[in-house]
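Grab your viewer and work through these exercises. Each one sets a task, and a step-by-step solution follows.

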Amino acid sequence: MANALDPHAAIVVQASAATPAPLTTADGQPLTRALARSQRVARRRAFMLVLPLLAFILVTFALPIGQMLGRSVHNDGYSANMSRMAAWFAANPPGTEREEAAFEALARDISDAAAARTIGIVGTRINYDVPGTRSLFTSSGRQLRELPDPPFRKAMVEINPQWDNDRLWVAMRSASTAVTGNFYLAAVDRTRNEDGAVMRVAENQRVYLMLFWRTFMLSLLITGLTFVLGFPIAHLLATLPTRRSNLLMILVLLPFWTSLLVRTTAWIVLLQQQGVVNDILVWLGVIGNGQRLQMIYNQTGTIVAMTHILLPFMVLPLYSVMRTINPSYVRAARSLGATSWTAFRRVYFPQTLPGFGAGALLVFILAVGYYITPALVGGSSGQLISNMIAVHMTDTLNWSLAAALAALLLAGVLALYWIYDRLVGIDNLKLG
Amino acid sequence: MRKILILSTALGISAGLGGIAAAEDTSVVSWGGAYEMSQVEGYNKPYTEATGNTVRMIAADDPAVPLRAQVEAGNVTSDVFDLAMSDAIRLCDEGALMEIDPATLPAGADGTPAVDDFVEGSLQDCAVGNIVWGTVIAYDTTKFPDNPPQTVADFFDTEAFPGKRGLPKSAKRTLYLALIADGVPAADVYDVLGTPEGVDRAFAKLDTIKDDVVWWEAGAQPMQLLADGEVTMTTGYNGRVFDAMVGEGKPFGVIWDGQYLEINAFVIPKGAPNPEAGLEYIKFATGTQPLANQARYISYGPARKSSAPLVGLYQDDKTEMAPHMPTTPENVATAVTDDPTFWADHDAELTERFNSWLAR
C-alpha cells in the first residue's frame with residue numbers, strides 16, 4: 001500500500017522506530033485510519049485529474065465500439081415491426097406445421113408494416129439471411145394494402161408461392177428474436193439451409209474469408225517490405241554523424257508529416273498508365289507505348305502505396321533501438337576473428353530485434369485495418385476487408401454485418417498480439 | 001441500443017451543428033460538379049432573388065448514401081436531397097422520407113395542373129422529379145480516328161477497340177449494359193435481370209472485361225479518366241459528357257445506343273432540420289421556368305412537359321441543346337428506361353452480389 005516515495009510512509013517508518021505501541025495522531029485518532037483518509041483524499045484528487053481523459057475514452061472509444069459489437073448480434077428490424085409473427089414463433093416451437101393462424105399473422109403484419117412504411121426494413125432484415133427476398137416483402141406489401149379474404153394461406157401463396165418456402169420460414173423464425181448469430185455466420189461465408197443447419201454460401205457469393213486471407217497476406221508482405229527497405233535506412237541514420245543523420249531524418253519524417261491523401265494521390269500520378277513512371281519507361285524505350293504497365297488500381301498499387309506510407313513506422317523504432325547499440329560489441333567480434341557478415345548476423349542483428357518487433361507489430365496492425373489507400377489505388381483486386389466493412393457501413397447499411405466483420409478483425413489482431421507475446425514477449429518491444 | 005447511439009452522437013453533434021443550421025435557410029445535398037452548377041444557376045439564384053432565402057449546396061457521389069446513413073443514425077443535417085427515383089421509392093418504403101402531396105405543387109406556366117404537367121413516373125409519394133437524364137458511353141475520338149465505336153457491344157470488344165474501360169461501381173448502372181452487349185433487346189432487360197440465370201449472364205459478360213475496367217464512383221471522375229487517357233471509353237452521365245465536350249471542348253464522342261434513362265427527384269427526409277423551407281424550395285425549383293433555366297447549363301431534360309418548349313440554346317448562345325438531350329427521339333430509340341420499382345425491390349441483393357463479384 002504505502003510506497004517509498006509517499007511522504008506519509010516516511011512518517012510511519014519514523015513513528016514505528018520511536019514507539020511500538022498503537023500509534024495515534026495529535027487529536028487521538030489511530031494513525032492508520034488518519035493515514036488512509038489522507039491517502040484517500042490524495043487518491044481521489046489524482047483520479048479527478050484523469051477523469052476527463054477517462055470520460056473521453058469511454059464516450060468516444062469504449063461506448064461506440066461496444067455499441068458496434070452489440071449490433072453484430074442484435075438486429076430488431078424484423079422482430080420490432082412484425083409483432084404478430086414474433087408472437088406466433090414464440091408460441092410454436094420449431095417444426096410446428098405452418099397453419100392458417102401463422103399465415104393470418106403474416107398477412108396482417110405485412111399489411112400493417114406496409115401502411116407504417118416499415119416493410120422495407122423488414123424485407124431488408126430477411127434479405128440478409130435469404131438473398132432475394134426483400135422484393136418479396138415490398139411487392140407483397142403493396143398488394144396487401146387491403147387485407148385479402150381468408151383462407152390466408154391460399155391468399156398469400158397466390159400473391160407469391162415463395163411465401164410457403166421452408167428456408168424463408170427458418171429465416172423469419174431466427175429473425176423473430178432480435179439477438180442472432182447469423183451475422184457472424186455471414187461474415188465467414190456461411191448461412192443456414194432450410195433445416196436451420198449451417199452451410200457454406202454459393203460459390204459466387206463467397207468473399208469474406210478470401211478477403212480476410214488477402215488482408216492477412218498483404219499485411220505480412222507489406223511488413224516484410226518495410227523491414228527490407230527500412231533496415232538499411234535506420235542503420236544509416238544511427239551510424240552517420242549527427243549533422244548528416246539529422247538531414248536524413250527530416251527526409252524520413254517529411255512524408256510522415258504529409259497528409260495521407262496527398263501521398264496516396266501522388267502515387268496515382270506516378271504509377272497510372274499515363275503517369276510519370278510509365279512515361280519514363282516509354283521514353284527510355286524499355287516498353288512500347290502500347291505496353292504501358294498496369295501498376296495502379298490493382299494489388300500492386302495497394303502494396304506500393306501502403307509500403308511507402310507505413311515505412312516510417314518501421315524505420316523509427318528500428319532507429320531508436322540501433323542508436324543504443326554499442327559499436328564496440330561489433331568491433332570486439334571482428335577483433336576476435338568474426339567476418340563482417342558473422343559479426344552482423346550474430347552480434348549486431350540480434351540486438352536490433354526489439355526494434356524490429358515493435359516496428360513489425362505497428363506496421364502489421366496498421367496494415368490490417370487500412371482503408372483509404374486500398375480504396376483509392378486498389379481497384380478491385382487490391383481491396384482489403386476494411387473496404388468491405390466500409391461498403392456495409394455506408395453503402396448497403398448492413399451495420400450488423402459490418403460490426404461482425406470488424407469484431408472478427410479485432411479478434412484476429414488480438415490473437416496475433418497474444419501469439420507475439422508468447423513467442424517473443426511483449427516486454428521485448430521497444431519504441432525508443 | 002438506438003437510444004444510446006442517438007444520445008452519444010447527439011451529445012457531440014448538437015453543440016457543433018446547432019449554430020450552422022440556423023445560418024442557412026435551406027441546405028440541399030446534390031451530385032456536385034457541372035450538375036450542381038446548373039442547379040445553382042437554374043434554381044438557386046432565381047430562388048434567392050424571389051424569396052431572399054439562401055441555399056447551401058453539399059456535394060455527394062450519390063446523395064442517397066449520406067441520406068440513409070443520416071436517417072439510420074437519427075441525425076439528419078440537410079433539408080433536401082436529390083436522388084435517383086429508385087432510391088427515392090425505396091427510401092419512401094422504409095419510412096425515411098416525408099410524403100409530398102402533388103396537388104400542392106404549382107401548376108405549369110401554361111396552366112396545366114402539376115399532376116398532368118410532370119412526365120410519367122416523375123411524381124411519386126415522397127418525391128418530385130426534376131430532371132430526366134441518361135447514362136451514356138463516351139469515347140476518346142483521337143484514339144479511334146478511322147473507325148469510331150458505335151454500339152454497346154463495341155464497348156465490350158477490347159480487341160477491335162483497345163484500351164481501358166471506365167465503369168461505375170454500381171450494380172444498377174453496369175448490369176443492363178452487359179446484358180445489352182450480350183444481345184438482350186433494351187425492352188427485355190428487366191425480364192432477363194429478374195431471373196437468376198439473367199443475373200449470371202450479366203456477370204459472365206462483365207467478367208470478359210473485368211481486367212480492363214477502371215472503376216469510378218463520383219460523376220466527375222469518368223470524364224477525368226477519359227481526359228487523362230487512362231481509359232479510351234467510359235460510361236458517364238450524359239450532362240457531364242456534354243459539359244466536357246461542349247463546355248470544355250474535349251475531343252469526346254457519345255454513343256447513345258443503349259443509354260440508361262433515369263429520372264432524378266427531390267425528396268425531404270423525415271427529421272430534416274427545416275422541412276417547410278425545403279418544401280418551399282422544391283416547389284420553386286421544380287417550376288416550369290427554373291427547370292427550363294437549368295437546361296441552359298447542362299443537357300438534362302426537364303421533368304415538366306411545360307418546360308420543354310422553353311429549352312433552346314446552351315449558355316454560349318450558339319449550341320442547340322436538342323441533339324444533346326437524352327429525351328430527343330433519336331436518342332431514346334434504343335434506350336433502357338429505368339424501372340424504379342424493380343430497383344427499389346432488387347437493389348439490395350444485386351448490389352451485394354456485385355460487391356462480392358468486384359472484390360474477388
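**Exercise 1.** Which residues in helix 2 of chain B meet which residues in helix 11 of chain B?

*Solution.* Keep in mind that this is a predicted model. Start on the helix 2 side of chain B, where you should pick out B:Gly33, B:Ala34 and B:Tyr35. Their partners in helix 11 of chain B are B:Gly239, B:Arg240 and B:Asp243. Next, sort this contact by class: two residues are nonpolar, two polar and two charged. Now the geometry: the axes of helix 2 and helix 11 (residues 238–247) of chain B are 8 Å apart, and the helices pack at an angle of about 90 degrees. Angles of 65 to 115 degrees count as roughly perpendicular, and helix 2 and helix 11 of chain B are therefore roughly perpendicular to each other.

**Exercise 2.** Find the domains of chain B and describe how domain 1 of chain B touches domain 2 of chain B.

*Solution.* First, the bounds: domain 1 of chain B is 3–132 + 264–324, while domain 2 is 134–262 + 329–359. Between the C-alpha centres of these two domains of chain B there are 26 Å. Then the contact itself: 21 residues of domain 1 of chain B are in contact with 18 residues of domain 2 of chain B. On the domain 1 side, helix 2 (33–51) and helix 4 of chain B are the elements giving two or more residues. Helix 4 of chain B gives the most, five residues. By class, that domain 1 side of chain B has ten nonpolar, eight polar and three charged residues.

**Exercise 3.** Do the same for chain A, using its domain 1 and domain 2.

*Solution.* Domain 1 of chain A covers 83–203, and domain 2 of chain A covers 208–428. Their C-alpha centres lie 47 Å apart. Seven residues of domain 1 of chain A are in contact with eight residues of domain 2 of chain A. Helix 9 (residues 182–187) of chain A has the largest share of the domain 1 side, four residues. That side of domain 1 of chain A has six nonpolar residues, no polar ones and one charged.

**Exercise 4.** At what angle do helix 10 of chain A and helix 11 of chain A pack, and which residues meet?

*Solution.* Take helix 10 (residues 208–239) and helix 11 (residues 242–257) of chain A: the angle is about 145 degrees, with the axes 8 Å apart. Their crossing in chain A is left-handed. From helix 10 of chain A come A:Ile233, A:Leu236 and A:Leu237, which meet A:Ser245, A:Leu248, A:Met249 and A:Val252 in helix 11 of chain A. Sorted by class, this contact of helix 10 with helix 11 of chain A has six nonpolar residues, one polar and no charged.

**Exercise 5.** Is A:Asn246 buried or exposed?

*Solution.* Locate A:Asn246 in helix 11 of chain A. Count its C-beta neighbours inside 10 Å: there are 11, so A:Asn246 counts as exposed. For a last check, go to A:Arg214, 32 residues away along the chain; the C-alpha atoms of A:Asn246 and A:Arg214 are separated by 38 Å.

**Exercise 6.** How many residues of chain B are in contact with chain A, and which helix of chain B supplies the largest share?

*Solution.* The contact involves 31 residues of chain B and 38 residues of chain A. Helix 15 of chain B has the largest share of the chain B side, twelve residues. By class, the chain B side has twelve nonpolar, seven polar and twelve charged residues.

Notes
Residues are numbered from 1 along each chain as its sequence is written. Chains are lettered from A and ligands numbered from 1 in the order in which they are written. This is a predicted model: local features need pLDDT of at least 70, side-chain atom pairs count only at pLDDT 80 or more; totals for chains, interfaces and linings use all residues. Two residues are in contact if their C-beta atoms, placed from the backbone, lie within 7 Å. Ala, Val, Leu, Ile, Met, Phe, Trp, Tyr, Cys and Pro count as nonpolar, Asp, Glu, Lys and Arg as charged, and the others, Gly among them, as polar. Domain bounds come from an automatic or database domain assignment. Axes are lines fitted to C-alpha atoms, for helices over the stretch in contact, and angles run from 0 to 180 degrees between N-to-C directions. Angles under 35 degrees count as roughly parallel, over 145 as roughly antiparallel, 65 to 115 as roughly perpendicular and the rest as oblique. A crossing is left-handed if the near helix is turned anticlockwise from the far one by less than a right angle, and right-handed if clockwise. A residue is buried if 20 or more other C-beta atoms lie within 10 Å of its own, exposed if 12 or fewer, and partly exposed in between; C-beta atoms are placed from the backbone.
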